[in-house]
Every structure is written in C-alpha cells, then in structure tokens.
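Dear colleague,

Please find below the structure that I am handing over to you, together with its sequence. My notes on what was found follow directly after it.

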Amino acid sequence: MADIQGTYDDLFTAVPNALAATLDAGDAGGSVAVFVDGEPVVDVWGGFADADRTVPWERDTIVNVWSVTKTMTALCALVLADRGELDPDAPVSRYWPEFAAAGKEKVLVRHLLSHTAGLPDWDGPVEELYDWPAATARLAARAARWEPGSAAGYHSLTQGFLVGEVVRRITGRSVGEFLAEEVTGPLGADFHIGLAAEHDHRVAPSIPPTGQAEDYAASAPAGPSGSEAGNGVRVRDGNSLAWRRAQIPAASGFGNARSVALVQSLPACGGEVNGVRLLSRAGCDRAGEEQFAGDDRVLGMPMRWGLGYGLFGTTYGWGGWGGSLVMIEPDSRMAVAYVTQQMREPAEDTRGLEIVAAAYEGLQGLR
C-alpha cells in the first residue's frame, strides 16, 4: 500500500486507505481532509507532486482545483448577501449597469449563482481569460441563450467572471482580494485565486489522464447545439504562469484539501469555525436553497442547483475537472475535500465519491 503522510482519527481509517488506493491504482499524488465541527479528523497526503515522480507531495503542496474554485467564489457572494450588501433577487444590472445590454435586464444575481442565467459559453480566446476587463465586457455584451431562470446550463468558465464582477462592483475588490481579506485570511486557509509567484514552488502541475498529452482539453458531456461549454481550455493552459496569476474565479483556485475543507466548514458549521464567524446560520442556509431542478443543458444530466453549489440530497458541494472535490454535510457539520493533480477521464473517475463514502464510515463511528 502507498505511503500516506499526515494525521487522522482512528475512526476514519477508511479515508487514508481510500487515498492510498488511488495511488496504488497509478495516481501521482493527492491530499484529503475531513473536518467535523470545524476541526480536522483527517489531514493526509501522499505520492508525488510531479509527473516524473521525483518530488514528494508535501504537507503544503497545492494544486489547481479547477471548478472547486466555484465554491469559494460562491462563498464570497454569500458573505456579501449576509451583510446586506448583495441581494440575490436583484437584477445584476443594479450592481453592473453595462450588463443590461442585449436584453439581459431580467437576469438576477441568483441566476448567476445557479447556472440559470443563460450565459454558459465562453466564446473568446483562452488568452482573454487573463484579461478581467476584456472578459467581463465580452459577457456583458452577450445575449442570454434562454429566458433567465427557465433552464440551467453549467457556466463552467463564465460563472466566475459574472459573480466576480458583481463582487468587484460592490466592494471595489477582486474576488481573489475579497476572499483573501475576508475569508481565507481570518481562517488561516492556504487557498488562492490569483496565485503569487512566491507560491509557485509548491504547485503540483496538472497531469493529463493516461494516454493523453497536455493538449487534453475540457469538454462537456452534452451541450446545446453550437455550445462551446467545453471552452477549449487545455491542461497546458492550466499549468501556465498566466493561468496562475490570473483571476478566473470559476476555475483557477489553488489550494490543498486542508484549505478547501477548512473554508467550506463555514457553511457546514453554521457560519462559524474556530471562533471566527463569517456567516449567520440563515446566510449559510441560502447555499442549499434549491434554485433549479431538472436536466442541465450543458452537463446533459439531471441536476439540482443551489446558490453557487450543486445539491445532492442533504449535502452540497462541487467537483473540478480532473477529480478534485468538496462535499458539505450540514446535518453532521462535516466537510470533505479531496484534491489531486492527477486527472482521469470524467466518465471513469469515482475517486472523490469513494473518499466521501469513506468519510461517512468514520462519521458513523462518531454517532
């Protein structure tokens, strides 16, 4: 069995075993954290940070978690809503007047958070993702693909710019700045949107699935005719310095499992972790309020969307391209995070779910 580093409660032995199983199956590296009541009951890591398997995965190794970043951006919006500075039922144009162009006056903030705004496709070049004014201006000028709120289609890259620009208009700060100053800073969480050069040496670059090269690109399983929801983003783009430095709040967050689970323990624990309260309980409950239930036009599968999170029974959370995942269980005050740089083909990837199931085994022992 692969060598696993870190600490864990004996009740949760199945979790490090599940991580070891991914490494034994050929993965390069990864980390897992389980927090209950805001405290770590599992904080483990293993394997290697590079494709050549010469650099050990360390306690402070970080990775691009891709769309798990969306849960961080959503949390920023929920904090602002809880403070009364952002109304989820307000038109986006109240905060961002230019957004009303092309008939989008009826798009509400909650439509952005729940993937129902009708703007799922990124139709610009990848390079424009690194240019915030250009990216947001492009989205402001576009018409919605459907009546806002009437359908859902996963906004894989666009959601971060849409929500992020609303955050910027309200606060005068980028999502990355707001997250650092108002969320991760107070909590002491090692998570970044817009990665500074000083952290580059800790990054484990994404590794494409077996048999694929760095031109391996994100793609949606299904999509409307002409949809570009796959966006054409390649592994090599995500591994570039331009991607790290940019703020792409739907996909360019860097962290480890510990930092993801710590931050997302906020909604799991009613808004307070280790004596730091950033949300009211009512503010946390907003995340799990169903905004849409039905077939997602981009993902091609039934989905329930809350405010910024996918809803799954009594839990909510989201996963990222390549396998990283966070799951929040408010009833048990538990947050589970798994991050890895080792991609697998989406249809064949059950690693995150297996780790969540292992965490539930431990939870049974606590009850």
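A charge is taken to sit over a ring if NZ of Lys or CZ of Arg is within 6 Å of the ring centre and within 35 degrees of the ring normal. Please bear in mind throughout that this is a predicted model.

By that criterion, Lys104 is placed over the face of Phe99, 4.7 Å from the ring centre. Arg138 likewise lies over the face of Trp122, at 5.7 Å from the centre of the ring.

Turning to contacts between rings, the whole structure contains 11 aromatic pairs. One of them joins Trp66 to Trp321 in an edge-to-face arrangement, with 4.7 Å centre to centre and 80 degrees between the planes. Trp66 belongs to the loop between β4 (63–64) and α2 (69–82), while Trp321 belongs to the loop between β12 (315–319) and β13 (325–329), so this pair ties together parts that are 255 residues apart in sequence. Both Trp66 and Trp321 are buried. A further pair, Trp305 with Trp318, is tilted, at 4.8 Å centre to centre and with 50 degrees between the planes. This pair links distant parts of the chain, since Trp305 is in strand β10 and Trp318 in strand β12, 13 residues apart. Trp305 and Trp318 are buried as well. Ring pairs also join Trp66 and Trp321 with Tyr216 and Trp243 in a cluster.

Strand β10 also takes part in a hairpin with β9, with four residues between the two strands. Within the turn, Gly300 has a positive phi of about 70 degrees. The pairing of β9 (residues 292–296) with β10 (residues 301–305) is antiparallel and runs over five bridges. Asp295, for example, has Pro302 in β10 as its bridge partner.

Finally, the cysteines. A search of the whole structure returned zero disulfides. For Cys76, which is in no disulfide, the nearest cysteine sulfur is that of Cys284, 14 Å away. Why does Cys269 form no bond with Cys284, the residue that holds the closest cysteine sulfur? The two sulfurs are 8.8 Å apart, which is too far for a bond, because a disulfide requires sulfur atoms within 2.5 Å. Cys269 is buried, with a relative accessible area of 3%. Cys76 counts as buried too, because its relative accessibility is 0%.

With kind regards

Terms used:
Residues are numbered from 1 along each chain as its sequence is written. This is a predicted model: local features need pLDDT of at least 70, side-chain atom pairs count only at pLDDT 80 or more; totals for chains, interfaces and linings use all residues. Side-chain values use heavy atoms; hydrogens and water are left out. Buried means under 20% relative accessible area, exposed over 50%, partly exposed in between (1.4 Å probe, protein chains only). Two strands pair if DSSP finds at least two bridges between them. Rings of Phe, Tyr and Trp (its six-membered ring) pair if their centres lie within 6.5 Å; planes under 30 degrees apart count as stacked, over 60 as edge-to-face and the rest as tilted.
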